[in-house]
Amino acid sequence: MTAAALIPGVPLLLGLLGLLLPPDDNRARRRPAAVLGITGAAVSLLVTLGVLLTATKPVEWTTHWVSFGDIRLTLGISAGHAALYVALAVCAVALAVQVYSVAYLHDDPRYAPYAAQISLFTGAMLLVVTSGDLITLLIGWEVMGACSYLLIGHDRRLPEAPAAAVKAFLVTRVGDVGFLLGVAILIVDTGTSQISAVLAEPPHTAALILILAGVAGKSAQFPLHTWLPDAMAGPTPISALIHAATMVAAGVYVVFRLYPLYQQSPAALAVLGVMAAITILLGALSAMAQDDLKRVLAWSTVSQIGYMTGALAVGSPAAALFHLLTHAAFKALLFLAAGAVIHAVGTNYLSRMGGLREHMPVTFWSFVVGLGALAGLPPLAGFWSKENVVTAATHATEAGQATPVWVGWLVWIVALLAVGITAWYATRLLLWAFLGVSRAHGPDGPDWEVGFDDARYTEPAAPHDPPGLMRWPILLLAVPSALLGLIAYAPGFRTALELDEPHLSVAVVLPLILLAAGATAAWWLWREVPGVDPAAALRRARPLLAAGFRLDDIQDRFLVRPTRALARAVTTVDDKVVDAAVEGTGATTSTVGTALAYAHRIPLPVAAAVVLAGALLLGVAVVLFGAAA
């Protein structure tokens, strides 16, 4: 238990220590910040690896915390082999991000809190992964939300960064309301917060659907996905961490953890399946039209997380977790390589790139591996995991599964369509950024580089591959991006995830045809009209796709504005009615009190005269009243 507790404990502790370092630009203080950040991730990685190699059974530890009536709250750890594989991916990506950030933010005066916040972010995700209790899971879940707010808004010089951080925080909080209610219902329903005990009870469908609201928020699933593209205003290494190994993966992992309940609730699986199908297609179509390199990757994350939740909906948590692991590798690779490109050319815009292959061969081949894995090109990692998802959806189209048959058909069709679309935008990104001629000084490029997060960086005379501290994490991440899919043949890994034995049947032919068709279409458009973005073929649909189907505008019109109007009305009522009534009462009381105090202090002769006058008036009134009667 002690060793397993160190997995989240070390980065959390070192992150807290890092926050005590002064956040100024003193080089002597940058070094301890880097040491604390790298040490936290490295120690967790080694401990996870040690536990994974030595543990013969899941590590379980629970202690009673407090009781409320019949409800018994506990704190605990539960680290089976599946959890340890996820923790291994989290630690490896976090370590790569920490090392990469030393060079990427080499002159950032706020590097010290940045490194500490990454440690806290990592520790919080590891707490979610290794938690054996809904309470500790909630703690990790909420700490992640706070860290994402701080890290997305790290660069305060960018006008969009604070707004993106607030948006991410608020949108995920909306989902968290449902998540908290769902967890509370589960605890009250079962009388305990221990996950193993909760899983032994019958499912509560309403609670499971409420938890999906939190999953939609944290994992950027429809309709709460809108924060993720805007979060690209954060530093690029943070995008790698959020997209690959922490926040967006947390929702998928929570459903995986509670899956014994979900598989007994067809209604919850149907909700999850519809959410996943819309998200897969929405993310893929939106990625086609983006001009911002990081936004292409962001929308692809939305789509790929949809694949994971789709696998969960069709009854294959193993396929979901396998795709989570391969996605962690190739998406971290793509974001870190994107950071290298942005540092080299000083812009996020694909329309200002082109011709980078000869100047940046390492980055180019890293992109080839990462985009190939993203598209599902065999034998790269994404091919094997995506094939598992499509196969699981195929099985769900048969009767007799927990998932409704129509959900299986829906996920299967959408997943196939998205294979072709993903191949299209991945090929377009590669061609548009790295081949052809340079468009760095084109007349039509935007003159404001949104999202470039190191404005002090001096753009080199010619683009070149990044320095060693940035290059080595990219190269190391390229290895699992290429080979991790083959681990499905390892019996120990397959048993831990309860993954089916890989088999290449005729079912893979259709996805491969769609992949080839998508890639060929993008290549043909690029070759047919040299110098023109293949996305121009989208014509009038492009603005709509680039804006993510304007769901942001819809949310703004039907949710944000009415909420603000309601808030203004409540504020007005509070100011004009409630406050006015309270203040008026106080003012009246003060005035009456002042008058009485003045009357109490008047001289005795005057008071006697007033009393006599009053008595006289009363006597006159009595006489007049008696005469009238």
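Which helices each supply at least two residues of the lining of the largest cavity? I started my notebook with that one. The model I am reading is predicted.

**Entry 1: the cavity**

I found α17 (381–396) and α21 (509–528), each giving at least two residues to the lining of the largest cavity. I then looked up the shares. α17 has the largest one, with 5 residues. The whole lining of this cavity comes to 13 residues. Nearest its centre I noted Gly376, Phe383, Lys386, Glu387 and Pro511. I sorted the lining by class and got 9 nonpolar, 2 polar and 2 charged residues. The space inside the largest cavity is about 120 Å³. I also checked the count of cavities of 30 Å³ or more, and it is 1.

**Entry 2: the largest pocket**

Next I turned to the open spaces. I wrote down a volume of about 640 Å³ for the largest pocket. Which residues lie nearest its centre? I listed Ala82, Phe256, Ala496, Leu497 and Glu498, out of 25 lining residues. Two or more lining residues come from each of α3 (81–104), α11 (247–257), α12 (259–262), α15 (317–345) and α20 (491–497). By class, I have 14 nonpolar, 8 polar and 3 charged residues in the lining of the largest pocket.

**Entry 3: the second largest pocket**

I gave the second largest pocket its own page. It holds about 540 Å³ of space. I noted 15 lining residues, with Leu170, Val171, Gln555, Leu559 and Val560 nearest the centre. Two helices, α6 (160–190) and α23 (551–601), each supply at least two residues of this lining. Which element gives the largest share? I found α23, with 7 residues. The classes in the lining of the second largest pocket are 8 nonpolar, 3 polar and 4 charged.

**Entry 4: a patch on the surface**

Last, I moved to the outside. I picked out a nonpolar patch made of Val479, Leu483, Leu486, Tyr489 and Leu504. Together these residues have about 470 Å² of accessible area. I followed up Val479, which sits in helix α19 (residues 468–483). Why does Val479 count as partly exposed? I looked up its relative accessibility: Val479 counts as partly exposed because the value is 45%, and the partly exposed class runs between 20% and 50%.

**Entry 5: recap**

I closed with the volumes side by side: about 640 Å³ for the largest pocket, about 540 Å³ for the second largest pocket, and about 120 Å³ for the largest cavity.

Technical notes. Residues are numbered from 1 along each chain as its sequence is written. This is a predicted model: local features need pLDDT of at least 70, side-chain atom pairs count only at pLDDT 80 or more; totals for chains, interfaces and linings use all residues. Side-chain values use heavy atoms; hydrogens and water are left out. On a 1 Å grid over the protein atoms alone, a cavity is a set of points where a 1.4 Å probe fits but cannot get out, and a pocket is an open set with protein on both sides within 12 Å along at least five of seven lines; lining residues have an atom within 4 Å of a point. Grid points are joined across faces, edges and corners, and a volume is the space filled by probe spheres set on the points. Helices (H or I, at least four residues) and strands (E, at least two) are DSSP runs, numbered from the N terminus. Ala, Val, Leu, Ile, Met, Phe, Trp, Tyr, Cys and Pro count as nonpolar, Asp, Glu, Lys and Arg as charged, and the others, Gly among them, as polar. Patches are made of residues with over 30% relative accessible area and no salt bridge: like charges are joined within 9 Å, nonpolar side chains (Val, Leu, Ile, Met, Phe, Trp, Tyr) within 5 Å. Accessible areas come from the Shrake-Rupley method with a 1.4 Å probe; for residues, only the protein chains shown count as cover. A salt bridge is a side-chain nitrogen of Lys or Arg within 4 Å of a carboxyl oxygen of Asp or Glu. Buried means under 20% relative accessible area, exposed over 50%, partly exposed in between (1.4 Å probe, protein chains only).
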